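Me: Hi! Could you walk me through this structure in plain words?
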Amino acid sequence: MSSVAQKKGFGAWLWDWMTTVDHKKIGILYFLGGAFFFVLGGIEAMMIRIQLLNPESTLISAGLFNQLITMHGTTMIFLAAMPILFGFMNAIMPLQIGARDVAFPFINSLGFWMFMFGGIFLNISWLAGGAPDAGWTSYTSLAITSPGHGVDFYSIGLQLAGAGTLMSGINFLVTIINMRAPGMTYMRMPLFTWTTFIASAMILFAFPPLTVGLFFLTFDRLFGANFFDHTMGGNTIIWEHIFWIFGHPEVYILILPAFGIFSEIFPTFAKKRLFGYTSMVFATVLIGFLGFMVWAHHMFTVGLGSTANAIFAVATMAIAVPTGVKIFNWLLTIWGGSIKVTTPMLYAIAFIPSFVMGGVTGVMQGAAPLDYQLHDSYFIVAHFHYVIVGGVVLGILAATHYWWPKMFGTMLNEKLGKVTFWFFFIGFHMTFLIQHWLGFWGMPRRVFTYMDGQGWNLANYISTVGAFLMAIGVIVLVINAIMTTVKNEPVANDPWGDGRTLEWATQSPPLYYNFPQTPLVRGLDTVWIEKQEGNKSGFTPAVPLQDIHMPHGSIIPFLMSFGLFIAGFGAMYRLETAWGLPLLIFGLLWTFVAMSVRSVKDDLGYYVPKEEILEDMKREGGQK
Amino acid sequence: MDLNQKFTPETWPEKPELATFEGKNKFVGFWLFLGGEVILFATLFATYLALKNKGPEGLEFTTQGLFELPLVFVMTMLLLTSSLTSVYAMYHLRNFNFRKMQLWLGFTAFLGLGFLMLEVYEFVHYVGLGFTYGNSAFSSAFYTLVGTHGFHVAIGLVWITLLIFRNAKRGLNLYNASKYYTFSLYWHFIDVVWVFIFTAVYLMGVVG
């Protein structure tokens, strides 16, 4: 009897998560989905490093190695870093602006499922005859001749995930434009909201080129098009331009939210308002703008000519200016503050020197003549891992600890958090610092092995040991997460005690309608202001208690994404099987019918009655 | 929002598409979406211009020999007129005249369908000549650019048909007003893209 009831409970629980349109739950889904792919990409990284541990290693074949580096890069960028950041944006940003939800809860759910199905699609390649092997940039000189279906998994899988990202980007933009609480002017928005805003704007303009580029690649490989085949008049450089017009803004799409995270953590744990808030905002906007102007610095050696190279070199170096502004602002925020070295703060402090090192090597490569020397060497690998791991991943780990209580209602263990930090931080520098020298010593990137006696052995050995330290750090974090989830000790609204922004003025985790009443915002760091004036809850309502309008959940986003997922298989196997084309048509029709149902069926949402909110407030002992 | 709220032309808000919170979100969201679409088409245009008349040795088909302006002129007229009729429809939307709005949207769909049929005819004609999708880099770029636009027209046609039939019995309310309005934004956008295609592909192809 009871097992039946339990089963039913599980089904309902699963259904609830599959149909949810609640931004907090979708945030958790994004976070967990991203974390899963992060571990997967990490395992790929470990295999790469183990292969390179010793010279002339035969552990992994050259072909498999190419698949591993391709999937490691693609997974980490598209399926780990972005979704985890999207998780935080979803879970936190609406709270920070005092909104009930995002502007389009349905599209939010659709964006998540598109990402998830895209990620699964891409990774099925491992089981279906080999993963993509043309590098994460998938330059078409390699990609259009790559045998098997690996690259098709890449182009279609990323197409799905990319479409999901674009939707979410538009969603965040509209949320921030239209749904800020009374008094939350643009220049009172927390920096994480600002960086979400700018990153979303960049997504809006950077992802359509990727969409087009991936379609070209798919059409070239599967539908007989000739965009990149020079024997038919095509041009492979078109792909490089399109890819980097997307790809360079993409790195700022990743790093800006991380900047936002650190801009929240520094003031909280230094007990000081962010130094130079206005200049921070403008630096963010400027980085977002300049991010679109520099794509050709990835193509210095293509032969665009010295004029083009010079222009892009100057534009590239210009980005160091707003970034420098940010670095100094963070330093001056800590300066003279009353500093509490919690785990998030540790990450934040470690981030500054790590990221600056990545930035400095970036300026070095920005000098086109020097780039000719550094191009395709391990120096490049070292550089971009310093900015991505030293910036984005440290940001993600910091935010994981910082916002865990807000997302899951319980605190991660601080001691284990610090253990994770030290393993990860030392491992990170050990892995990648030495790779700068490997590059100087002439080791090319993307090689599956190297000869003995070139003086690269020790450096590679050190690098691999460092990678193991990072892996230990991540394992400790996973253990920490499981332990605290099992213990599940509930925490108060503001478990860090010094929260400054609106997310800390509601329950941990918040009730499904976020705030019982829409908050009134009286300045930057509004919760801090309220607390200073003796309002312990940190919250002043802007409106009387009233019924709250909420959206209905829906399974349609899941179904729509699923239709495109199976259509992808149809497109891929169209040429060699009889069922390919019917499956493609069926999948598209499926999605289309789901869309039509969504369009035709009225969905007006429902109201949470005032009485229920009063009950909740009494039980939670919330604000009066 | 209450679907049963009854309106008269006097009580109907001046900008019904912005009268609800959801409507405001849709308005901003759709404009942003169109911003992304601009970049999408810009990428397609750039690729087309780079690959125009490019093909294997002894390329048989070029813009000069292939395109026929009279047909394209008729297509352009159909689509431009359909944009005009959708403006009339939006005029009646604001005046709370449901019947006339539906009528003008019907004309819009009809003209759009005419455009699409001619485009299908054009493509079939070219393929019949041997100018297939895989003929050259030029053909791939041409069909992808113009075809993406045609696909947008097809989507728009299905969209407006669904709207017209879904709301035929219940008339205008604040819930569907923003849906109609978003469609008209979309339709204008496709029209603008076509103006660029007409110029960059056909005119510059034949005359330039």
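Reply: Sure, here is a short chat about a helix pair, one loop residue and the contact between two chains.

Reply: This is a predicted model, where local features need pLDDT of at least 70, side-chain atom pairs count only at pLDDT 80 or more, and totals for chains, interfaces and linings use all residues. Residues are numbered from 1 along each chain as its sequence is written, with chains lettered from A and ligands numbered from 1 in the order in which they are written.

Me: Cool. At what angle do H4 and H6 of chain A pack?

Reply: Helix H4 (residues 105–124) and helix H6 (residues 150–178) of chain A pack at about 160 degrees, with axes 8 Å apart. Angles over 145 degrees count as roughly antiparallel, so H4(A) and H6(A) are roughly antiparallel.

Me: And which residue classes are in that contact?

Reply: The contact of H4(A) with H6(A) has 17 nonpolar, 9 polar and no charged residues. Nonpolar covers Ala, Val, Leu, Ile, Met, Phe, Trp, Tyr, Cys and Pro; charged covers Asp, Glu, Lys and Arg; the others, Gly among them, are polar.

Me: New topic: where is Pro495(A)?

Reply: Pro495(A) is in the loop between helix H16 (457–487) and helix H17 (526–532) of chain A.

Me: What does Pro495(A) touch, leaving aside its neighbours within four places in sequence?

Reply: Pro405(A), Met411(A) and Ser508(A); contact here means C-beta atoms, placed from the backbone, within 7 Å.

Me: Last one: how many residues does each chain give to the contact of A and B?

Reply: Chain A gives 32 residues and chain B gives 32 residues. On the chain A side, the largest share, 7 residues, comes from H7(A).

Methods
Axes are lines fitted to C-alpha atoms, for helices over the stretch in contact, and angles run from 0 to 180 degrees between N-to-C directions. Helices (H or I, at least four residues) and strands (E, at least two) are DSSP runs, numbered from the N terminus. Angles under 35 degrees count as roughly parallel, over 145 as roughly antiparallel, 65 to 115 as roughly perpendicular and the rest as oblique. Two residues are in contact if their C-beta atoms, placed from the backbone, lie within 7 Å.
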